[in-house]
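Here is a short report on one protein model. Look first at how a helix begins, then at charged pairs, and last at enclosed and open spaces.

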Amino acid sequence: MRSQSGPADEQDRRLAQSEFDRPVAVIAGAGTGKTTVLVARVLGWCLGRGWTEARWRLIEGSSNDPNLSEIASHVLDGMVAITFTEAAAAEMARRVSEALATLATDATEKVVGFDPQLLPDTDSATLHERASTLIGVLDHLAVRTIHSHCWNLLSTYPMAAGLSLDLQVDADGRNLDKIVREEVEQAVKRGYAGPDDHPLRRLALRMVDPRQIAEAVQTLVTEGFDAEA
C-alpha cells in the first residue's frame with residue numbers, strides 16, 4: 001500500500017485494518033498517519049477476528065467456555081507491535097490504550113482511523129464489552145522496539161539460537177575489549193615462553209605487538225568469527 005489522497009487512500013486504510021490472511025505493507029512518508037493505521041490494525045485484530053480465534057483456541061483446550069478476561073489475555077499474548085524507537089513504542093502503546101478506553105466508555109464514539117463496521121459480527125454492545133475487558137489486561141500487549149524484541153527472543157530461547165544461557169548485550173564493546181585483552185595477554189605469555197617457531201614469537205620478530213594482535217582479534221569477532229575460530 002502506498003499513501004495517496006482520496007478514495008484510494010481510504011480503501012488502503014480499511015484494508016490495513018481488516019486484512020489478516022496475508023502480509024500488508026504500508027509505504028508512506030512522515031506525518032501521513034502510519035501510526036494511526038497501525039493502531040487501527042491492532043484494534044481490528046483484538047476486537048474482531050483475533051478475539052474470535054482466541055476464544056475457539058481456548059475452547060479446544062478446555063471443556064469449559066473461557067471467560068472474557070481469559071480470551072482478552074490470550075489475544076494480547078499472541079500479538080507484538082514493533083517500532084524503531086522507544087518514543088514511538090510508548091506513543092503506540094498510549095494510543096492503543098486511549099482508543100480502547102474510548103470504545104470501553106462509549107462504543108459508538110469515533111476513534112480516528114478505526115472503523116468498527118469492518119469488524120466481523122460485532123455489534124456495539126459486543127465491541128464495548130471486549131474493549132472494556134482488553135483495558136483490564138492491557139499489560140499483556142507487547143509494544144517494543146525491534147532491538148528489545150530481538151533481545152527478548154534471544155534471552156528467552158538462547159539454546160535454540162545456539163547462544164550462552166548467560167547471554168548479555170555488549171552495546172559499547174567494553175566487555176569484548178576486556179575479554180580480548182585478557183585472552184591475548186595470557187596467550188602472549190604462553191607464546192613468548194614457547195619454542196622459537198611459536199606463531200606469537202614469529203609475529204614479535206615482525207614487530208607485531210600484543211596491542212595489534214588484540215585489535216586484530218576484535219576485528220575478527222565483530223565480523224562474525226566465533227570464539228573457536
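## The start of helix α3

In this predicted model, a side-chain oxygen of N67 comes to within 3.1 Å of the backbone nitrogen of S69. This contact sits at the start of α3.

Helix α3 spans residues 68-77. Which of its residues are buried? They are I71, A72, S73, V75 and L76. The cover over these buried residues includes α2 (34-60) and α5 (124-136).

## A salt bridge from α2 to a loop

The structure holds 17 salt bridges. One of them joins the side chains of R55 and D65, with N and O 3.3 Å apart. This pair links distant parts of the chain. R55 belongs to helix α2, while D65 lies in the loop between α2 and α3. The two are 10 residues apart.

Are these partners buried or exposed? R55 has a relative accessible area of 28%, so this arginine counts as partly exposed. D65 reaches 51%. The cut-off for exposed is over 50%, so D65 counts as exposed.

## E91 and its two arginines

Helix α4 covers residues 86-105. Within it, E91 forms a salt bridge with R94. Their closest N and O atoms are 2.8 Å apart. E91 also meets R95 in a salt bridge, at 3.8 Å from N to O.

Why can E91 pair with R94 and with R95 along one helix? An α-helix has 3.6 residues a turn, so residues three or four places apart point the same way. E91 and R94 are 3 residues apart in α4, so about one helical turn separates them. E91 and R95 are 4 residues apart in α4, and again the separation is about one helical turn. Side chains of opposite charge can pair when their charged atoms come close.

How accessible are the three side-chain partners? E91 is partly exposed, at 28% relative accessible area. R94 is partly exposed too, at 37%. R95 has 25% relative accessibility and also counts as partly exposed.

## A salt-bridge network

Some charged residues join in a wider arrangement. D21, R49, E53 and R57 are linked in a network of salt bridges.

## Cavities

How many cavities of 30 Å³ or more does the model have? The count comes to 2. The second largest has a volume of about 30 Å³.

Its lining consists of V42, L43, C46, L76, V96, L100, L138 and L141. L76 is also among the buried residues of α3. Both α2 and α4 supply at least two lining residues each. The largest share, 3 residues, comes from α2. By class, the lining has 8 nonpolar residues, no polar ones and no charged ones.

## The largest pocket

The largest pocket holds about 890 Å³ of space. Two or more lining residues come from each of α7 (174-192) and α9 (210-222). The largest share is that of α7, with 4 residues.

Which of the 21 lining residues lie nearest the centre of the largest pocket? They are L176, I179, V221, D226 and A227. The lining as a whole divides into 13 nonpolar, 4 polar and 4 charged residues.

## The second largest pocket

The second largest pocket has a volume of about 640 Å³. Its lining takes in 22 residues. Nearest its centre lie K34, L38, I82, T83 and M92.

Which elements each supply at least two residues of this lining? They are α2, β1 (80-83) and α4. The largest share, 7 residues, comes from α2. By class, the lining of the second largest pocket counts 17 nonpolar, 2 polar and 3 charged residues.

## Where α2 recurs

Helix α2 turns up in several of these settings. It helps to cover the buried residues of α3. It carries R55, the partner of D65. It gives the largest share of the lining of the second largest cavity, and also the largest share of the lining of the second largest pocket.

Terms used. Residues numbered from 1 in each chain as written. Predicted model: local features only at pLDDT ≥ 70, side-chain atom pairs only at ≥ 80, totals over all residues. Heavy atoms only, no water. Buried < 20%, exposed > 50% of the residue type's maximum accessible area, 1.4 Å probe, protein only. Contact = heavy atoms within 4.5 Å. Polar contact = N/O pair within 3.5 Å; in protein donor to acceptor, adjacent residues only side chain to side chain. Salt bridge = Lys/Arg side-chain N within 4 Å of Asp/Glu carboxyl O. 1 Å grid on protein atoms, 1.4 Å probe; cavity = no way out; pocket = protein on both sides within 12 Å on 5 of 7 lines; lining within 4 Å. Points joined across faces, edges and corners; volume = space filled by probe spheres on them. Nonpolar A, V, L, I, M, F, W, Y, C, P; charged D, E, K, R; others polar.
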